[in-house]
Amino acid sequence: MKKILSIALAVLMLTTAVLTFASCGEKKDNELVMATNANFPPYEFVDDGGAYAGIDVEIATAIAEKLGMTLKIENVEFGSIVGGVESGKYDMGMAGMTVTDDRLKHVNFSTSYATGIQAIIVTENSPYTSLDDFYNMDADGNYVSVKDGVKIGVQQDTTGDIYCSDTVENFGFGSENVTSYKNGADAVQALVTGKVTAVIIDNEPAKSFVKVNTGLKILDTSYTEEQYAIAISKENTELLEKINKALADLTAEGKIDEIIKKYIPAD
Amino acid sequence: MFDAIKRWFQGIAEDFTDNFITGDRWKWLLEGLKNTLIISLLAVLIGIVIGVIVASVRSTYDKNGEAMRLRGGFGFKVFSFFNWLCNVYLTVIRGTPMVVQLLIMYFIIFASSTNGLMVAVISFGINSGAYLAEIFRGGIMSVDGGQFEAGRALGFNYVQTMIYIVIPQMFKIVLPTLCNEFIALIKETAVAGYVGIRDLTKAGDEIRGRTFSAFMPLIAVALIYLGLVMLLTKLVSLLERRLRKNER
């Protein structure tokens, strides 16, 4: 009898402990959880004080303010954002993210709040001066194959990665010629040390990277253009509407432009 | 009811196609497996060479250091310098995370190298060497002292006694722990993706980044690692049985 009692007691204690731990992780109602990859200046980065900053962070803060919620930022790998938003782990994903067909299968996107360009970074004395230089062309100027020795560095799972890893017919470089790094800074470091011949990444982070590393430049021809938007779970249409409304309001107030201008001075 | 089950299976089939068949994504996993195997195998070979050398120096010092100190002389100074060097190596390598070592190797020490795979092999080898060295040292120390004395009495010199008598016996003693270390190494190579190498984990990651489904790629990668380790465990247990034959 005593034994049964003590086992029952042990089970009870264990259950309470597990429940307590489990409830710790629960999301609070008025919290807006945003997933991002804070290595993508000026859209999101960790500032000198160790706090998250950047265009996306400020826009998200403004949106949360409009919705009467508090913003909570989760800094995760870029590739985990869409999956996390889809499963409801995060309320929204905001990481300079482009709308693509594959991503649309899994999440909804808000209206676009910024335009991005995929820029090509090379070293200053690089023999490659335009996108055409990376390819062997036929007489009509169509890309036939990638030139020998061309290695493209990208940030893993970004649109730059997805486009570049595609075949030459689809204006990629073929995945065997692309090396993907965990974040943009690593890709740029690989370029500086000569491990890759060029890095293809969003224009604004590209500018930041070129500024802090000597001996790099951005080519005048860009790789592609694209629209940034916020990823939201397909099940949470209510939040999608709210965020779209907040974005529209903020645009009308000129707040979005103000934030973007703060980080990207017109040149 | 049946409809629900059918839909569930269809969902799985679709998921499978999307993750592995579309765009020949299974080939990524194959390439990843190849790289994981290359890194692990070459690294463990480098690790064994480094480990045996470091363990020999350290165990010799442990066993004979006192006697040599009393004899003194230039030889002892050189020897204790090597022992100190080995200790620094062990402290630094075992005191820092593998990922950090790999990044330092890739971006600082071998900054000008364009062969990421080789850099990974070297840094995993150096890392593994530190752990293996201590395993080997334990093995050498646990070979009975009489074996060593017998070797010397038969006219072998120190190095010969080590190579022909002590180290073969040591290998038998350390084999289970050696296997353990190799298993740990295989799984540790999962961080190779940090320096842009498409190993097994990174291949799964890349599929996940394209299809945004976590289940299929992660479970597939986990199963492949599990299969590798189970195969290895089996091989080592066969080898152990063979080595035990001469004990009768």
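In the predicted model, strand β12 (residues 178-181) of chain A has buried residues on either side, with V178(A) and S180(A) pointing one way and T179(A) and Y181(A) pointing the other way. This arrangement follows a common pattern, in that the side chains of a regular strand alternate between the two faces of the sheet. The strand β12(A) runs parallel to β11 (residues 152-155) of chain A, to which it is joined by four bridges. Within this pairing, I152(A) has V178(A) as its bridge partner, and V154(A) stands opposite S180(A). Strand β11(A) is likewise covered on both faces, since I152(A) and V154(A) on one side and G153(A) and Q155(A) on the other are all buried.

A further sheet of chain A is open and consists of five strands in the order β5-β1-β6-β16-β7, with mixed pairing. The edges of this sheet are occupied by β5 (70-75) and β7 (107-109), each of which has a single partner strand, so that one side of each is left without a neighbour in the sheet. Strand β5(A) is joined to β1 (residues 31-36) of chain A by six bridges, and the two strands run parallel; in this pairing, T36(A) has N75(A) as its bridge partner. Helix α2 (residues 55-67) of chain A lies across both β1 and β5 of the chain, and its direction makes an angle of about 145° with β5(A).

Elsewhere in chain A, helix α7 (residues 203-212) contributes the buried residues E204(A), P205(A), A206(A), S208(A) and F209(A). These buried residues pack against several elements of chain A, among them the strands β2 (39-40), β8 (114-123), β13 (198-202) and β14 (216-218), as well as helix α6 (184-192).

In chain B, helix α2 (residues 26-71) packs against helix α7 (residues 158-188) at an angle of about 135°, the two axes being 11 Å apart. Because of this angle, α2(B) is oblique to α7(B), and the crossing of the two helices is right-handed. On the side of α2(B), the contact involves S40(B), A43(B), V44(B), V52(B) and S56(B), which meet M162(B), I167(B), F182(B), L185(B) and I186(B) in α7(B). By residue class, the contact of α2(B) with α7(B) comprises eight nonpolar and two polar residues, and no charged ones.

Terms used
Residues numbered from 1 in each chain as written. Chains lettered and ligands numbered in written order. Predicted model: local features only at pLDDT ≥ 70, side-chain atom pairs only at ≥ 80, totals over all residues. Axes fitted to C-alpha atoms, helices over the stretch in contact; angles between N-to-C directions. Parallel < 35°, antiparallel > 145°, perpendicular 65-115°, else oblique. Left-handed = near helix turned anticlockwise from the far one by under 90°. Contact = placed C-beta atoms within 7 Å. Nonpolar A, V, L, I, M, F, W, Y, C, P; charged D, E, K, R; others polar. Buried ≥ 20, exposed ≤ 12 C-beta atoms within 10 Å, placed from the backbone. Pairing = 2+ DSSP bridges.
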